[in-house]
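Reader: I am new to this structure and would like a close look at a single part of it. Please choose one, go through it slowly, and then say how the surroundings relate to it.

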Amino acid sequence: MRTASETDSTDGVLAEQLLRLTRRLHRIQKHHLEPLGITPAQSRLLRLVSHYDGDRPPRMADLAARLEVVPRAVTTLVDGLEAAECVRRAPDPANRRVIRIELTDTGRATLRRLRNARTDAAEEILAPLTAEQREVLGGLLNALTDAPLEGSC
């Protein structure tokens, strides 16, 4: 049986490994997105807007809430995506004061390229692992991501 200090030490090492992996994931993802002229944050927003495609387009406040960021951060991301013609601001037909964010055809094409870039990034990250190790990792990641939150930060 491990002592409390051994558990704390092991957990500390695991936490550091997870942080290092997160930084590596961000670097690799950014590298694969650069040729598309899009940032990881813009990629995330574009994917989120696409989930509303066919339904009523989201408001900026909807996007901010889903991304867990302040509305000003969404404004900056939408500005960049609008300049790239991936999204457009459109007034809500029911309430002209409300602005909704719509995906454009260019945005849909960019999403297809993003999926390829994400696949390439995943292949690069997972390259050192065997198929069996990938299965185990998938199970472990599911256990971590599906675990209930014990408190809020």
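Author: Helices here are DSSP runs of H or I with at least four residues, strands are runs of E with at least two, and both are numbered from the N terminus. The model is a predicted one.

The part chosen is helix H3, which spans residues 60–67 and is followed by a loop leading to helix H4 (71–83). Within H3, the buried residues are Met60, Asp62, Leu63, Ala64 and Leu67. These buried residues pack against two helices, H2 and H4, and against both E1 and E2.

Leu63 is a good place to start. Which residues does Leu63 contact, leaving aside its neighbours within four places in sequence? They are Leu45, Leu48, Val49, Tyr52, Pro58, Val74 and Ile101. Leu63 also belongs to the largest nonpolar core, a set of 22 residues, where Leu45, Leu46, Leu63 and Val74 touch the most other members. Two or more residues of this core come from each of helix H2 (40–51), H3, H4, E2 and H5. Two of the contacts of Leu63, Leu45 and Val74, are thus among the core residues that touch the most other members.

Asp62 brings charge into the picture. Its side chain meets that of Arg59 in a salt bridge, with 2.8 Å from N to O. Asp62 is among the buried residues of H3. Arg59 has a relative accessibility of 33%, between the limits of 20% and 50%, and therefore counts as partly exposed. Side chains of opposite charge can pair when their charged atoms come close.

Just after H3 comes Glu68, with a positive phi of about 60°. Glu68 is not a glycine, and its place is in the loop between H3 and H4. With a relative accessible area of 73%, Glu68 is exposed, because that value is over the limit of 50%. A second residue of this kind is Glu85, another non-glycine, whose phi is positive and near 65°. Glu85 sits in the loop between H4 and E1 and is exposed, at 53% relative accessible area.

Next come the strands against which H3 packs. E1 covers residues 87–92 and E2 covers residues 95–103, and the two pair in the antiparallel sense over six bridges. A hairpin of two residues joins E1 to E2. Val87 in this pairing stands opposite Leu103 in E2.

Salt bridges also occur around this pair. The side chain of Glu82 meets that of Arg89 in one of them, at 2.3 Å from N to O. Both partners are partly exposed: Glu82 has a relative accessible area of 29%, and Arg89 has one of 28%. Arg56, Asp92 and Arg100 are linked in a network of salt bridges. In the whole structure, a search finds eight salt bridges.

Another salt bridge lies in helix H5, which runs over residues 105–126 and is one of the elements that give two or more residues to the core. Asp105 pairs with Arg108, the closest N and O atoms being 3.1 Å apart. Asp105 and Arg108 are three residues apart in H5, about one turn of the helix. An α-helix has 3.6 residues a turn, so residues three or four places apart point the same way. The two partners differ in cover: Asp105 is exposed, with a relative accessible area of 62%, whereas Arg108 is partly exposed, at 27%.

Ala121 is also found in H5. Is Ala121 buried or exposed? Its relative accessibility is 5%, under the limit of 20%, and so Ala121 counts as buried. Leaving aside neighbours within four places in sequence, Ala121 is in contact with Ile28, Gln29 and His32. Ala121 and Ala83 are 38 residues apart in sequence, and their C-alpha atoms are 25 Å apart in space.

The surface has a nonpolar part as well. Leu18, Leu141 and Leu144 make a patch of about 280 Å². Leu144 is found in helix H6, residues 131–146, and counts as exposed at 57% relative accessibility.

To return to H3: its buried residues pack against H2, H4, E1 and E2, and Leu63 is one of the four residues named as touching the most other members of the core. At the end of H3, the chain passes to the exposed residue Glu68.

Terms used
Residues are numbered from 1 along each chain as its sequence is written. This is a predicted model: local features need pLDDT of at least 70, side-chain atom pairs count only at pLDDT 80 or more; totals for chains, interfaces and linings use all residues. Side-chain values use heavy atoms; hydrogens and water are left out. Two strands pair if DSSP finds at least two bridges between them. Patches are made of residues with over 30% relative accessible area and no salt bridge: like charges are joined within 9 Å, nonpolar side chains (Val, Leu, Ile, Met, Phe, Trp, Tyr) within 5 Å. Accessible areas come from the Shrake-Rupley method with a 1.4 Å probe; for residues, only the protein chains shown count as cover. A salt bridge is a side-chain nitrogen of Lys or Arg within 4 Å of a carboxyl oxygen of Asp or Glu. Buried means under 20% relative accessible area, exposed over 50%, partly exposed in between (1.4 Å probe, protein chains only). A nonpolar core is a set of buried Ala, Val, Leu, Ile, Met, Phe, Trp, Tyr and Cys residues joined through side-chain atoms within 4.5 Å. Contact means heavy atoms within 4.5 Å.
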